[in-house]
Amino acid sequence: MWIYEKKLQYPVRVSSCNPRLAKYLIEQYGGADGELAAALRYLNQRYTIPDKVIGLLTDIGTEEFAHLEMIATMVYKLTKDATPEQIKAAGIEDHYVDHDKALFYHNATGVPFTATYIQAKGDPIADLYEDIAAEEKARATYQWIINISDDPDLNDGLRFLREREIIHSQRFREAVEILKEEQGKKKIF
């Protein structure tokens, strides 16, 4: 089903070591509205979605894994040269004590990832509206991180991710309309 191309979907650059920005970005790694939750949500929902839009959930769910890889790369680059003093000043010493500089699925405040982030109702319209909301929340989070970031190189990658969230939201909205139209058709048996 997948072909892995050994390059990031979009280049990731950072201007300098900045563990504080890494702390904020980890929200998009293991937080409720982050890339892992989105990928798992869409790939799970595809089993109960009508055939007309199943490919959309597969495509976007797969792309979310590419975004997860970008976030991981950003966090790694922002922390790889950090000293213990910089780690402490950034407020991520708890993470450092448990994981050193390894990535771990949790949100910006350190709450571990949980399967409760992955919503699936089994009603295609409800699930797609959930997906639209998830994309809009991710878009907003990217914008807020851009707002507090002083790293123009990092912001370039964050803007790319923010724009992809907008595209995903639009595609889910189109899927809702496709399914609503399908529901309105007369069924002849």
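## A buried glutamate in helix H4

Let's start with Glu64, which is buried but makes no salt bridge. The nearest side chain of opposite charge belongs to Arg41, and it sits 7.3 Å away. For a salt bridge, a side-chain nitrogen of Lys or Arg would have to come within 4 Å of a carboxyl oxygen, so this pair does not qualify. Keep in mind throughout that you are looking at a predicted model.

Where does Glu64 sit? Its place is in helix H4, which runs over residues 51–79. Setting aside neighbours within four places in sequence, Glu64 is in contact with Glu35, Ala38, Ala39 and Tyr42, and also with Glu135, Glu165 and His168.

Helix H4 holds another residue to look at, Asp59. An unreviewed UniProt entry covers Asp59 with the annotation "binding site". Asp59 is partly exposed, because its relative accessible area of 44% falls between the 20% limit for buried and the 50% limit for exposed. Glu64, by comparison, is buried.

Now step back to the whole chain. It has eight helices and zero strands, giving the pattern α-α-α-α-α-α-α-α along the sequence. The C-alpha trace spans about 70 × 30 × 30 Å along its principal axes. Among contacts between residues at least 6 apart in sequence, 80% join residues at least 24 apart.

Of the 189 residues, 42% count as buried, Glu64 being one of the buried ones. The accessible surface comes to about 10300 Å², with 55% of it belonging to carbon and sulfur atoms. As for charge, the chain carries 24 positive and 31 negative side chains, and the centres of these two sets lie 3 Å apart.

Conventions. Residues are numbered from 1 along each chain as its sequence is written. Side-chain values use heavy atoms; hydrogens and water are left out. Helices (H or I, at least four residues) and strands (E, at least two) are DSSP runs, numbered from the N terminus. Buried means under 20% relative accessible area, exposed over 50%, partly exposed in between (1.4 Å probe, protein chains only). Lys and Arg count as positive and Asp and Glu as negative; His and the chain ends are not counted. Contact means heavy atoms within 4.5 Å. UniProt positions are given in the numbering used here, feature names are shortened, and annotations may be inferred rather than shown by experiment. Accessible areas come from the Shrake-Rupley method with a 1.4 Å probe; for residues, only the protein chains shown count as cover. The place of a charge is taken as NZ of Lys, CZ of Arg, CG of Asp or CD of Glu.
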